[in-house]
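These are my notebook entries on a predicted model. I record what I looked up, entry by entry.

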Amino acid sequence: MAIRKYFSWRYIKWLIIIGFFLFVCLAIFSAIYFIRVTKDLPSVKTLSEYKPPIMTRVHAGDGKLIAEYAEQHRVFVPIESIPKEIQHAFVSAEDQRFYQHDGFDERGFARAMVANVKHKLKGERLEGGSTITQQVAKNFLVGNDRTIARKLREIVIATRIEKALDKDHVLELYLNEIYLGERSYGVAAAALNYFGKPLEELTLSEMSYLAALPKAPNNYKLDTKKDRAISRRNYVLDRLVADGHITAEEAETAKQDDLVGVDRLTGEEYTAADYFVEEARKEIFAMYGEDELYKGGLSIRTTLDTNLQLIGRRALRNGLEAYDKRYGYRGPLERFSSFQDWKKRLDSFTAPKDIGDWRVALVLEANAKEAKLGFSQLRDEETRPDNGRLLLADMKWAAPVKDGKKGGEPKAVNSVITAGDLILVSKKTKTENNYVLQQIPEVNGGLISMDPHTGRILALVGGYSFGQSQFNRATQANRQPGSAFKPFVYASALDNEFTPASQVLDAPFVIKRQDTDCVENENGILVLSDPDEEGQILDPDREVTEDECERFYKPGNYAAGRFYGLSTLRLGLEKSRNAMTVRLANDIGMARIMEYGQKFGIYEDPKPELAWVLGAGETTMMRLASAYSILINGGKRINPYILDRVQDGQGETIFIKEGEACDICLQDEWDGGPPPELPDEREIVIDPVTAYQVTFMLKGVVDNGTGIIIKSLGRPLGGKTGTTNDYLDAWFMGFSPDLVTGVYVGYDNPRPLNNEAGSKAAAPIFKEFMGEALKDRAKVPFRIPEGVSFSPINRVTGEPSYIGAPDFILEAFRPGTEPKIGEMTSTIRVGSGTDSFITGFGGTRDEGETQTPTGAQEDGGEINQNPTDTPALPGGDTQPASPQPPEEVEDELDDGLY
């Protein structure tokens, strides 16, 4: 017995010694491990210097948010601006003892470890037991790897944070850093992305929902897991009651509220701004770099008018779709060879981007009178999958196209579409299940609208769809402007002793081209050479005939073979006549005209070739709109821009357009006097009188010329059509006294526009846009500068006339250049070519252009006249009309090589 006790005690003693040894070893090992994992901990001081990446926000000129750029969508909000209810909700949901512990909550950690036993058995996600301070340490300093080392580092840093920062500062860091789903970092971004509200406008229900998200945002999505979201929100409300922050009655009321999320920065208003926003992004990126753009929290105020942008996009899309439908139906998007699992296959079909309220439909059946349509339930939940109808009357435009030619109007539905076709349709009415056949146009275009006095771009539409093509046709496309360049030719003439009443012969014009010549090569073969390069041979292997050497430039008018005799400059511009414009340019000299092309900013390196008079050079719509703005604002240079102001993340202004300080504007109190007059230091590009004369003539284009389709708007408007050879480009550049708008239509890979000129393809888009843009604006007359004299003339011949005479207008002249009654007509021989000459104010009237007297009363009020038989006055919104319908067509640019 004694021996047994001896051995038992000895065994126990050795166990104690071994246990103590192992304990010491474990303690040493733990101490070493602890020291190793915590020896290189980051300094807590970095938290006080922490500058979180904040998203950049872009606003329109009217204050609407139009875009955000960020790597992490965050709006930093100081703790003083975060409502107490939100603070309480997050503390109750995430760390009830936040205000009691010192960074590490032993009780909470122990509770989490016990709960983890159950979670482990059920295969559920384990709890970390982290406090808010530990989460701050993890997010800012430690990282997110799930290891013991990370947990230890997190605990140590959390305790250090609590010693260095007060509770409010810790909570501020947490509420601005935590990820809450939907691209939202921090509570302010989450409030915007989930509910479209700032923090102070959130309801108790919405605040509690946000506080429920930190654990696992994807588990509580409002669109797919709403029941779980509501359950978790209710849990947070109960915790708020338990912690004494709200009453049970307030919690029950909040539980009755539905949770309704919003889709921010979506919808037509935001889609419409895509091209404009991308231009702003590129400018900011070039100015400040990627980090500032995506992390710097910039506040960008742009020039965009969201209403005009929306109107512009609709007008351009409507115009392009209308053009496309005039030339038939190109066929379905795709075909299903069988209807097996058609619903699943239709759900998985990738619809074209940016089709608005159009829908992809599957033709289930088709006969002569109608087609039965099926829809995807994923995209069209409100529509029964097989309950749509397409009637023949709603697809009359859809003549089939064969070999590029449009057929006749369809007589049966199944002659155009058949069962298995995937097509695009739009709903005819909201209450019916009838649909209209649609088609994405192949043609494209652009629209730009700007303030001619400041250069602020108010609307910028770079194409039919940004989703389908990011190429901006308003700023990037270099295309020939055609006759849209002619106003600058006539401006040059007016600055060189011509007047709007001067007559130029519109007759065949032929001149030998100077850009090529012929020489014999070393083998005695006749080849083409460049006369500007001392006989340099252009193609040494190509033999040419003597006839080929005689190359002539022979521009023609739109109506082939038709010429109109002597015509005034006004009439030539109104009717867009090519032959007389080239003859005029040949007299003035191409050097002067190309100088105007450069100083107006249309061309960078123009060539002194006569074809450039008719717009053979290439330019962008933005350049051309800027040039027209100079005409409208009285001849002063403007630089188009889209950025008004940029502020950094601290609210300091780092960029402001036209940012020169106005010292006299800085007054503490208004003394009742008039506003200060600031000097206009803009460069004078052209004489204000010349600018007004051209503007007044362009008003005649709308009143009587190729832009007459615009006249029905009943506004003071001017403009110019433009069409290029083979109808590759169609333009309308137009304006009111305070708004310049340009429209371009053409194919990205140039091809003819089916004989459609600017007056048909582009002008209707301008008309729709300006009709809506000016609808609620007061009529403003064109402003007349000092130094303009008005004199009555015959609008066709330019001869002096009198008020009330048949076919008279008041024309704008420089003082002293007005025609005098009884003055002899002078004729001056000019230039080369076939019988080219220019006259003063007399001459012959073209028989095809006879006129009848008209009268109109102007409402602008610059000039007072006897109201009886008065003409349309210069600043107003009407002009005497031609007695016969003017040619509503645009002269084609003709390179004239014969």
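**Entry 1. A buried arginine and its partner.** I looked up Arg 313 and found it buried, because its relative accessibility is 7% and the cut-off for burial is under 20%. Its side chain meets that of Asp 354 in a salt bridge, with N to O at 2.7 Å. I then located the two residues: Arg 313 belongs to helix α14, whereas Asp 354 sits in the loop between α15 (342–348) and β7 (359–366). The pair links distant parts of the chain, 41 residues apart.

**Entry 2. The antiparallel sheet.** I next traced an open sheet of five strands, whose order is β15-β14-β27-β26-β25 and whose pairing is antiparallel. Which strands stand at its edges? They are β15 (457–461) and β25 (718–723); each has a single partner strand, so one side of each is left without a neighbour in the sheet. On average, neighbouring strands are turned by 5° against each other, with direction ignored.

Within this sheet I checked the pairing of β14 (residues 444–450) with β27 (residues 739–746), and I counted seven bridges between these antiparallel strands. I noted one bridge partner in particular: Ser 449 is matched with Thr 741 in β27.

I then asked which helices pack here. Helix α14 (residues 306–325) packs on the sheet and touches β14, β15 and β27. The direction of α14 makes about 30° with that of β15. Helix α24 (residues 763–773) also packs on the sheet, touching β14, β26 (729–736) and β27. For α24, I recorded an angle of about 150° with the direction of β27.

**Entry 3. The mixed sheet.** I turned to another open sheet of five strands, with mixed pairing and the order β2-β1-β5-β23-β24. Strands β2 (65–69) and β24 (653–656) form the edges and pair on one side only. The average turn between neighbouring strands is 15° here, again with direction ignored.

Strand β23 (residues 643–647) pairs with β24 in the antiparallel sense, over three bridges. Across that pair, Val 646 stands opposite Phe 655 in β24. Helix α13 packs on this sheet and touches β1 (56–59), β2, β5 (299–302), β23 and β24. I noted that its direction makes about 35° with that of β2.

**Entry 4. A salt bridge within one helix.** I stayed with α13 (residues 274–295), which holds both Glu 279 and Lys 282, three residues apart and thus about one turn of the helix. Their side chains meet in a salt bridge, at 3.1 Å from N to O. Is each partner buried or partly exposed? Glu 279 counts as buried because its relative accessibility is 13%, whereas Lys 282 is partly exposed at 30%.

**Entry 5. A salt bridge between loops.** I looked up Lys 396 and Glu 409, whose closest N and O atoms are 3.3 Å apart in a salt bridge. Lys 396 lies in the loop between β9 (388–391) and β10 (401–402). Glu 409 lies in the loop between β11 (405–406) and β12 (421–427), and 13 residues separate the pair. I classed Lys 396 as partly exposed at 35% relative accessibility, and Glu 409 as partly exposed at 45%.

**Entry 6. Salt bridges overall.** How many salt bridges does the structure hold? I recorded 36. I also found Asp 324, Arg 330, Glu 442 and Arg 751 linked in a network of salt bridges.

**Entry 7. Two helices crossing.** I examined helix α8 (residues 187–195) against helix α9 (residues 204–211): their axes come within 11 Å and cross at roughly 115°. The crossing is right-handed. On the α8 side, Val 187, Ala 190, Ala 191, Tyr 194 and Phe 195 meet Glu 206, Tyr 209 and Leu 210 of α9.

**Entry 8. A buried glycine.** I looked up Gly 758 in helix α23 (residues 758–761). This glycine counts as buried because its relative accessibility is 0%. The C-alpha atoms of Gly 758 and Thr 724 are 9.0 Å apart, with the two positions 34 residues apart in sequence numbering.

**Entry 9. The chain as a whole.** I closed with the totals. The chain has 24 helices and 31 strands. Of its 898 residues, 51% count as buried. The exposed area is about 42,300 Å², of which carbon and sulfur atoms supply 50%.

Conventions: Residues are numbered from 1 along each chain as its sequence is written. This is a predicted model: local features need pLDDT of at least 70, side-chain atom pairs count only at pLDDT 80 or more; totals for chains, interfaces and linings use all residues. Side-chain values use heavy atoms; hydrogens and water are left out. Helices (H or I, at least four residues) and strands (E, at least two) are DSSP runs, numbered from the N terminus. Buried means under 20% relative accessible area, exposed over 50%, partly exposed in between (1.4 Å probe, protein chains only). Accessible areas come from the Shrake-Rupley method with a 1.4 Å probe; for residues, only the protein chains shown count as cover. Two strands pair if DSSP finds at least two bridges between them. Axes are lines fitted to C-alpha atoms, for helices over the stretch in contact, and angles run from 0 to 180 degrees between N-to-C directions. Contact means heavy atoms within 4.5 Å. A salt bridge is a side-chain nitrogen of Lys or Arg within 4 Å of a carboxyl oxygen of Asp or Glu. A crossing is left-handed if the near helix is turned anticlockwise from the far one by less than a right angle, and right-handed if clockwise.
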